[in-house]
Structures are given as structure tokens and as C-alpha cells.
Amino acid sequence: MFRLRQTLIMAVMVVLLLGTFLQASVGNAAQSQGDMGFDKIIRNGTVIDGSGLPKYDADIGIRDGIIARIGNLENYAAEKEVDANGLFVAPGFIDLHSHASTSALQEAQSSLTQGVTTELLNVDGGGPTDLQERFALEEDGLGINIGAYIGFNSVWEEVVGEEDRRATEAEISEMQGLVTEAMEDGAYGVSAGLFYRPAYYSTTEEVIDVVSAASEWRTNFPHHIRNENNEVVEATAETIEIGEEAGLAPHITHMKVMGPDNWGKSAETVGLIEEANARGTYATADVYPYLRSQTGLTAIVPPWVEDGGWDAMLERFADPELRPQIAEEIEEIMHSRVEGPEDVYFPTRQMTLADYMEEGFNYDRNGQALLGFLNFDYDSDITFDIDELNIQDLDGNTAFDYDFTSSEEWESESFEQLFSYPSNAVSYLVEEDVGKIEIDERMQGNASAYGKVTPVMDELENNSEAYMRFKVSETGNNQRIRFWLQADDFSSGSSFPVNGYGIELHLGNDNLVLYGREDGSSTNYGSVDANMTNDWQSLRIRVEDDQLMVRLWNDENEEPEEWDMVQEIPAPQDDGEEEELTPGETTMRILETEGSLRSIYNFGHEDDFKRILDNPTTAIASDGGATTSNSTHPRRYGTQPRALGQYVREEGLTDWETMVQKMTGLPATIIGMTDRGFIAEGMAADITIFDPETVIDNATFDEPKQYADGIEYVLVNGEFALEDGELTGLHPGKALKRAANMPSRPMTTESVDIEEEGELYDMDEPDSLAEAEMAFALQQDEADIKADGSFTVQDESSDLNFAATGFGKIQVADGWTSFTGRGLLNESEERTFMVIIDENETMITDQRPTVTIQIEGEDEIRGFLGESAEPRSIEDMKTLVDEFRSDGDIESDETVRNLQTHLTSVGHYESTGSMNKAIRHLNSFKQLLDFLGTNGEISEEVATVLTDHAEALLEIWE
């Protein structure tokens, strides 16, 4: 490395002395001489910084979304100040495993009230393979930050399909390309869920081949393992093997041990993680603080039954020869996960599998009203206006009545469900006392864009009538309204109920179709002309004994006495002889009629949870994410507060510092974040302030939509998204992207002593100085909450002279260092900064470390640290050949001798002044490199580096 000149060192000393003087001069005088002030100050809080170190009392000053100062700020003022006396101030919680409803991310109330400031999407191998779909969510506003993995399952299904077969070499290459593209776009790792079909069909070797495309990025492999019950040990070992062989950090997501026969096996699975870390493989996990899991009902269906997808599964169910066998295997799998059918719970139905077995599947025609609004058109959106909605029984008793008068929104007390598919396609608004349902045009690859509305009402027995006053923004396109009476519930993934009667108003065909639904199958009773216009319309539907009736009229006219159509329907029947249902048969019936219902499995033992949590590389993650649902797993409303309130305050399972670390610093380093996860000067101001005396979850399995207590304030990127436990209405979240110099890594817990100085070389012209130079000497002991030392940088091209006056934390990994802090810019203004020095930055072939310096308000400084990359002689190139051989990049000693012989000849001609011969032989050397590279005798890196060096020397000689 270049050493700075003596004059520079003297200048550094002067600047540091000046910085020390300024730092010691507290009060408004100091602020006027260099400090830029603060946007916000958090006063009198107890800081738990995310590192696991003991908490301490301090004020925190925030400026431009960054933590600018930590300490005693009594002589400073800010426009916005919060008194955190008696409260804990922690980094914003980072949720590594989110199945967030993307429409819920705009407000993210369920997340913010848990203290979550960042969620990672595309988990369990799912999500879009084009990450731009996730990043685009920022355009509509985000209550919290998001990041995204690239999902192996999505990649596999997109290329290989749903069948159980091997991937071809071409398909492996195509999948590698999708992974590489996503990593270049900013993915935080490669997630997988080999438990789910069709990714389940891939072999371990195929997974390794595909995900190894991300190895250069030094990232992680979060995995929902193939089996969490009888083969949990083997599946854990497979995950670690995939990570090690692919060059990724293996991560067991929502780690658990399912089923009574397997309780206690966490000693083995945690042991595998410990053994991997002991041999140098960074292996991690996450866990949620519940002993009940949530996934689909198909989790207990044998994999071979799902081969070929949903329709193929239903065909096998319908085979009378296969059905008994499938029922037996379903029951076996169920018992490997839970003790019995009473431990399989469906939150959307508030029933267990045992309840279904007892009640059976006979439709008694008791039910409620449901509405669906659909857009099948690729080229046009649609708005449905609703002025009034009324449902009553035939005795005139009102079950539901809503007219939007004086309403500012669709009220959750009146509507159990306001659903959107895709999640951001449907908007439910209220304007001028009119409810509006705006639906975007249909996206390629989707069957439709649609919304589903479920009013809050009691079931009506047998008969009912509904009235709706509405209008549409346009007619003539393939857009529809579906209105159901006496319905039980929507089928999974559908705007049809399982059972019920109703109409479909088809705006494209301009007709009304009458439908009956029984056990998930439809009967079309015929249609009548609708004569729709864009004016206000009234619709009345009645189910009475053995008739279904409909009437539609323009509001300018009186309601006609005659029905537009009357259809005979089956009269309600008394239950016949009840059949005895088994768990397997019941599961198939539910799948056939209601789809793969969200299912909660009562799976675990407290001892296994505690052992998994106690592992130092286990983080807390929800397996939930932002939601507005009132029929989901309570972890989506309570994970982090439950971990803090129940397992720290009430049970003392661990201390505050460790639990906060598992939600902040640990998850940040697992996925490679560098500017979040810690309370430190120079870090992003994602901050959660909670009350240790009151923090607790309130969500239950029967009533999950209950927000947690004790999360008082949450800042996202320096803005208050939550104050006094209430939303502020701001949307400060960002779509975060992982850069090439952000490796997954263990937390820095040991003492650090680092020192470096040198000039920076231009990234585009590696042999040209970039007019910038830097020097640092830093120390950080194990017990230090911040680093100490010096850091300076000068950049002549921008007249920049910067000297640090305070530091945050040093983070180190193999060949990688990062540190943050604050300092003086040009001896006048205080600014925050972050530095990353990386010897192995992805996609950089230069052997020198890259340096990235971000100073608040200034352009980023980038460069190579050290001497010119160009060898000064042929002897330097010969040294490179020997180094490549020792690294294994050259196949044999014979190849090395061949290369060295050519270079010796070139060197001889250069030393005797025979430059024409030297040039001719060096060109011959380039041809040799090309030949050896083609034959696989040298790596691509060897061929590229030596060819570049040869061409540079040739340019000089010529």
C-alpha cells in the first residue's frame, strides 16, 4: 500500500486536534461552530444497541434519516423531540421471514405495532423471479422497509414446471441465470422451501447447482427444510450441505421439531448448526415464539399425490382405487406433525379438522352474503361505485345495512374482508359518501384481477334478500359483479363460494347469470339481458324456499313488480344419515370443496423451542409479515412483543440485550446489511422505542387481529411512523437492495484493531489515481459500544477534506471491514459517514480492495486502495502465475512451466532491448492463454487477469 506523505500525516494531526477541541466544546457554541443540528432528538432513553452488549443511558440525535450523535445532548435542540425516560431504545426490528400482504405494507400497522421496520419478502422459495415487482411497491408508499430474496421454488417452477422430473443441463443454466440476475438486482439471498411442491422434486445436487450461481455474492440460503417432523435431522443436514457445497451461508428458517415422536430432536439439529460453525461454515436459523405453525392443508398430502399440480391431485382423489390409500397416507403424515385432527386448525373457518369430521359436509343453506368484483380485461381498469347495501331475512329483519354516509373509509367493523388479488390491484375508497372499488387491468399470467367483500353479519336461515344501489364506470368490457346469498364462505383462491346461490352481472355480455354452488361445483341456471348503462342501478336478489330471483333496474325508473328471472332451486333438506369421516377423507373433502385452507398445526414442545432460541446464531422472525387479516396466525400481530414480554420479562428465558440482538444486529448481519441493525453513529435511523414493563402480544388464535402493547415509537429512515402506539400516516419505508460489498457474515464480537492508509485508484481506469486518499487507525474491544481512533479522507477533485470526530461500530469479516461515525467536513460542518473496504467485492476482478466512502450530503467516493494493479515487469507477471497455481487456478505444474518459459523469453528480449521480439512473444503468450483457457487448464480468472496485464504492457511498449 502507498504511504501518505509526512505532510499529510501532520495535516491529519492538526485536523484531529481541531476535531477534539470541537467535540469538547459542548453547548450552543459548539453547535454553531460545526454541528449541523438535528431533525429529531430522543432524550433520556435506555439504549439497547443490537450488539448484545449491556444497555446504557443516552440521548440520540437524528439528521437526514441517520443517527448523527449519541450521548448527552442536553444543550442541543431539535424540531421534534421525544422523552424516552423509562423506555428502551433499540434498533428497528428486522423480520427475516415475511409473507406480507403487499397491500398491507403501505400502512404496515401490524408490523409497526410490533416494532418491525424491515421485512424480507420472497421467502420459502416463493415470490416473483423479477425483483422489480417487489421494488416497485415503494412507488405506492411503504410504512416499513422491504427487501427481497430470489426464490428457488419460483425459479424451478418457472423453468422445470410442476412435474416430478430431472432438470436438463440447459434448464440448470437457465435457472442459474435467473438467480444471477436477481442477485445483480439486489436480492438479499436465495430462499428455498424444498418442503413445497414442485421444488420438493429437485435433488440436493440440482439445488446446489442452481443456487451456487449466487456464491460470488457471499450471501445466505434461508430454507424451509424438506421435512420438519420425522426426517428433521436429515433435512437440517441437507440444508447445511447445500450451503457448504454452493458457497452460501445455510439458514434454517422457522426452525422447529414437529410431532410428539420427534420432540427432543432439536438437540441434534442445533448440534448440526454448532458443528458447521465450528468447522468454519457460518450457519444460522430463525424461530418464532409459538408452538403452532401455519401453512396450507396440502402440507399433509403425500408429495406423489401432488405431482403435476392441483388438477392432477384432484384427479387422484377421484380415483376410487387410490382414494383409500391417499386417505391412509394423509393420516400418517398428519400424525407425524400433530397428535390428532383436533390439532389442525383453520383460522378462516374457526374450525379444526376434528370439527369438520364431526359436522360433516351437508349444506343446510344457512349462510350470509358475499360480493365479488372482477376484471378480466387486459386493457382497461374499472371502478364500481356502491351507494347502499342491505341484507335482510324475509320477515324484514335487517342483517346488514351500510350506506357510506359520513364514512371516510370502508370500516373494518362492518366488513370482515376487503380482499385484493393481486394484492395491490384493488383499492377500496370512499369519496363523497360513495364507496368505490377500483380494480386495475388484468396482468398477463393471472386469471383476473378481483376483489372480495365479506360483510360482518349473522348467518340467515334458508331464505334472505339483498339490495344494492351501484353504478359502473364503463360497460362493454369483460368485467363482472358476483353477489351471493345463503353462502358459507368463498372457496380458496376464488370469488365463488363453496355453497350458495347468486348472480353474476357480466358487463361484457350485458347479461345477468343465475348460479347455484354446491360443494365447490357450479350450476348455471341461465341468464337474462341486463341492459346496463353508466347510470345508477339497483339490484335485488332473493332466495326463498325453492326459488332464486333477481331484479335489476335503472334508478331513474320505479322498481318493477316483476322479477327479471325466477329459477327453481333445490329446497332445503334435512340431514340424512351421517357418514363417519376419517382425517384423511375429511382432508380430501376440504381440498375438493374449499381449497388448501390456511392451516395451523399444534406441533411443538417448549423444550425444543428454548433449545433452538438459545443457539447464539438463531434470530427471531415471524413467518408472518404485514397483514390486515382477522383470520390468520397470531404471529402476524405479536411475534416480537411476545418474545420480549413473555420470554424475557415474564419467563426470563434470556436477557433484554440478547433478545433485541436476535431481532436486530443478528438478522442484519445474516443477510448482509451494513447500515442497519445497530444503534450507532452513522447508521440508518430505524429505531424502535418500547416499554419493558408493558410490551406484550394480544393476538390469539381465535382473535388474531389484536395489536400488541408496549411499542410506543417507531422511526423508519428517521421519520416517526408510529407515535404513542398510533400510526402517524407517514410512509417512510424504502425498497432496500443488497450491494455487492455487503456479505453475509457473523456478528463482530471480538476485539478489533485495524490500520490502513493509501491513495485510491479510479474504478474505471484502475492504473489512474482518483485524486483521493485516506487513512484510518481504529480499535474496538469486545466490551466497547463504539470504536475509537482516527479516520481521514481527502479528495482533491471535489475539494473535500474530512476528519472523523466520533465513531459508531466496526464490523469485520474475512477480507471485509466497515465502520461508521461522524466528523468534520472541510473543518466546518459535522457530517455522518460510512466506510466499506472489501477485498472480495463481487464482479471485481482487480486484486486490490475496493473502498466505498459515503459522507452525508456528498457524492460517494469509490476506488481501489493500494498500488497500481499493473505489474511493473514480466517478473511481476511470473509471480502472479505462481500465486494462481497455489490457489488452484492453474491445473498442473506442467502448465505453470509452460507459462513461465514463455514469460522468461519475453523478459529476456525486453532486457536486451529486442522490443520487436518481446512484443511478438508476448502476443504469442496471449494466444497460449486463450488455448489453455479453452482446454480448461487455467481458470477464466487466470486467462482474464494475465491477458489484461499483457495487453497493458504491450500498449506501453508499442
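Below, a biologist questions a modeller about charge, burial and overall form in a predicted model.

Biologist: What makes the protein chain as compact as a globular protein of that length?

Modeller: The chain has 22 helices and 45 strands. Its radius of gyration is 32 Å, close to the 30 Å that the globule rule gives for 958 residues, so the chain counts as that compact. Along the principal axes, the C-alpha atoms fill a box of roughly 110 × 70 × 60 Å. Of the 958 residues, 59% count as buried.

Biologist: Why is aspartate 379 called exposed?

Modeller: Exposed means over 50% relative accessible area. Aspartate 379 has 72%, so it counts as exposed. Its place is the loop between strand E17 (368–375) and strand E18 (382–392).

Biologist: Which residues gather with Asp379 in a patch of negative charge?

Modeller: Glu138, Glu139, Asp140, Asp381, Asp440, Glu441 and Glu474 join Asp379 there, on the surface. Patch members need over 30% relative accessible area. Asp379, at 72%, passes that cut-off.

Biologist: Why is the contact between arginine 469 and aspartate 387 called a salt bridge?

Modeller: The cut-off is 4 Å, from a side-chain nitrogen of Lys or Arg to a carboxyl oxygen of Asp or Glu. Here the closest N and O atoms are 3.0 Å apart. The pair therefore qualifies.

Biologist: What does that pair tie together?

Modeller: Arginine 469 lies in strand E24 (residues 464–472) and aspartate 387 in strand E18, so the bridge ties together parts that are 82 residues apart in sequence.

Biologist: How do you know that arginine 822 and glutamate 830 form a salt bridge?

Modeller: Their closest N and O atoms are 3.7 Å apart. That is within the 4 Å cut-off, so the pair counts.

Biologist: Are these two partners buried or exposed?

Modeller: Buried means under 20%. Arginine 822 has 4% relative accessibility, so it is buried. Glutamate 830 has 2%, so it is buried too.

Biologist: What of arginine 649 and glutamate 650: why is one called partly exposed and the other exposed?

Modeller: Partly exposed lies between the 20% and 50% cut-offs. Arginine 649, at 28%, therefore counts as partly exposed. Glutamate 650 has 52%, so it is exposed. Their side chains meet in a salt bridge, at 3.4 Å from N to O.

Biologist: How many salt bridges does a search of the whole structure find?

Modeller: It finds 44.

Biologist: Which residues are linked in a network of salt bridges?

Modeller: Glu465, Arg540, Arg542, Glu544, Arg551 and Glu559 are linked in one. Side chains of opposite charge can pair when their charged atoms come close.

Notes
Residues numbered from 1 in each chain as written. Predicted model: local features only at pLDDT ≥ 70, side-chain atom pairs only at ≥ 80, totals over all residues. Heavy atoms only, no water. Patch = residues over 30% accessible without salt bridge, like charges linked within 9 Å, V, L, I, M, F, W, Y side chains within 5 Å. Areas by Shrake-Rupley, 256 points an atom, 1.4 Å probe, with all protein chains shown as cover. Lys, Arg positive; Asp, Glu negative; His and termini not counted. Charge placed at Lys NZ, Arg CZ, Asp CG, Glu CD. Helix = DSSP H or I, 4+ residues; strand = E, 2+ residues; numbered from the N terminus. Buried < 20%, exposed > 50% of the residue type's maximum accessible area, 1.4 Å probe, protein only. Rg over C-alpha atoms; globule rule 2.2 N^0.38 Å.
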